[in-house]
Amino acid sequence: MVQISIRDLTKRFGGQTVLDHVNLEIGQGELFFLLGPSGCGKTTLLRHIAGFYRPDSGQILFDEDDVTRLPAHKRDTGMMFQSYALWPHLNVAQNVAFGLEERKRPRPEIEHRVNEALELVKLAGLGARKIAQLSGGQQQRVALARALVIHPRCLLLDEPLSNLDAKLRHEMRSEIRRICKEFGLTGIYVTHDRDEALSMADRLAIMDSGKLAQVGTPEEVYRNPCSRMVAEFIGETNFISGTVQTQTADGFYEVQTAFTTLRARPHTANWQPQHGEKVLLSVRPEALTFGHLLDSPNRFPGHIVDTTYLGTTVQYLLHLQDGTQLTVCEINPQHIRPPSADEVRAMAMPQDVVMLKAD
Ligand code: ATP
């Protein structure tokens, strides 16, 4: 169990700054996710922590130890990649044993620890199998056992589940989380998949062009995104431009938009928007409902132009009088509304209308 501190880390490849003064503290036993668009620097950051890259400036600490210049094989990190990187000519046990052989551990200890690791990933008894005789999910479990067998100081995972089908991915998500928590392992996990990050992370960072755009718990980042980029990366949302009018007695703000005045809250209590300030509102589709609460402040008319039934949810495209289009998502739909020219009324609670600085 290790605390990882990243201090002012900068890396350039050619003329391109890929990591731009990154500062981050990852707590002991924390499962931390790096999320962001392709090319934002997630893998580069992970590879610096693993020891495959040297930064141009900045430091990486494992607890009090400065590991910035320590070679990868001396950092005791367990790695797991998208490509399982297993050796096809070795059997399961030999693949898992590799890190211990390298460390020249005695034979009985290797056997004991390999069996222990295979049991942990629910592959007990499969040590003699050839890699080609395993399913994709089982191969990924071997890769996890191989990362764990060395009793790593931390576990580094780079898109480990993206080759698996949806069902296996779900299974492995909870397995990886269970193992990290059971052993108090500090884990850093790179992914494109926001559901994976939201469902597994203790905390996560959204990266954008080599910088950390926002760091927080899944709930903090989903409910209080600090920018347009973060709001749309972490989930579906509707953006509505507006101008701040007044602050209400209950701490919300009246924002004039093209179709109505909406009551909204700033994404952070540290920001007090001024009268006349241009802002951007973010309203998640599931925060919009077809309202019947007559006294709700955020209630406005429109009509449904498209309906998509998705089983657990139904998505509506709502067309408003001024031409604005909003997506509304109803969970556990009981009654599917077909597209129609008839007027419907949509509403959102003021706490679900999040005010961001205009771009
Ligand atoms: P993805 O999600 O697509 O894997 P990422 O966020 O992990 O992307 P990185 O792999 O860290 O992104 O790459 C960040 C940028 O650095 C990219 O523009 C990439 O082309 C560049 N880059 C990465 N590794 C190298 C390298 N060894 N040499 C030169 N450029 C590199």
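This section describes the domains, salt bridges, pockets and cavity of a predicted model.

The chain is divided into two parts, domain 1 (4-228) and domain 2 (236-357). Their centres, taken over C-alpha atoms, are separated by 39 Å. Eight residues from domain 1 and 11 residues from domain 2 take part in the contact. The size of an interface is often given as the accessible area lost when the parts come together. Here, domain 1 and domain 2 bury about 920 Å² between them. Carbon and sulfur atoms account for 40% of that area. On the domain 1 side, three residues stand out: Tyr222, Arg223 and Arg228 supply 56% of the area that domain 1 buries against domain 2. No other three residues supply more.

Charge pairing was examined next. Side chains of opposite charge can pair when their charged atoms come close. Two salt bridges are counted between domain 1 and domain 2. Arginine 223, one of the three residues named above for buried area, forms a salt bridge with aspartate 352. The closest N and O atoms of arginine 223 and aspartate 352 are 3.3 Å apart.

The count of salt bridges comes to 23. Among them is the pair of arginine 203 and glutamate 30, with an N to O distance of 2.5 Å. Arginine 203 lies in strand 9 (residues 203-208), whereas glutamate 30 lies in the loop between strand 2 (16-26) and strand 3 (31-35), so the pair ties together parts that are 173 residues apart in sequence.

Threonine 237 sits in the loop between helix 8 (228-234) and strand 11 (238-247). Leaving aside neighbours within four places in sequence, threonine 237 is in contact with Ala231, Glu232, Ser282, Val283, Arg284 and Pro285. Leucine 148 is 89 residues from threonine 237 along the chain, and 38 Å separate their C-alpha atoms.

Leucine 148 also belongs to a pocket lining, that of the second largest pocket. The pockets are taken here in order of size. The largest pocket has a volume of about 510 Å³. Its lining holds 18 residues. Thr77, Met79, Glu102, Arg103 and Ile150 lie nearest the centre of this pocket. Strand 6 (77-81), helix 2 (92-102) and helix 4 (136-148) each supply at least two residues of the lining. Strand 6 gives the most, with four residues. By class, the lining of the largest pocket has 10 nonpolar, four polar and four charged residues.

The second largest pocket has a volume of about 260 Å³. Helix 3 (residues 107-120) gives the most to its lining, with five residues. The lining consists of Met1, Arg113, Glu116, Ala117, Glu119, Leu120, Leu148, Val149, His151, Pro152, Phe183 and Leu185. Eight of these residues are nonpolar, one is polar and three are charged.

The search for enclosed space gave one cavity of 30 Å³ or more. About 30 Å³ of space lies in this cavity. The residues lining the cavity are Ile240, Leu262, Val283, Leu288, Phe300, Ala348 and Val353. The lining has seven nonpolar residues, with no polar and no charged residues. Val283 links two parts of this description: Val283 lines the cavity and is also in contact with threonine 237.

How values were computed:
Residues numbered from 1 in each chain as written. Predicted model: local features only at pLDDT ≥ 70, side-chain atom pairs only at ≥ 80, totals over all residues. Heavy atoms only, no water. 1 Å grid on protein atoms, 1.4 Å probe; cavity = no way out; pocket = protein on both sides within 12 Å on 5 of 7 lines; lining within 4 Å. Points joined across faces, edges and corners; volume = space filled by probe spheres on them. Nonpolar A, V, L, I, M, F, W, Y, C, P; charged D, E, K, R; others polar. Domains from an automatic or database assignment. Contact = heavy atoms within 4.5 Å. Buried area = accessible area lost by both parts, 1.4 Å probe. Salt bridge = Lys/Arg side-chain N within 4 Å of Asp/Glu carboxyl O.
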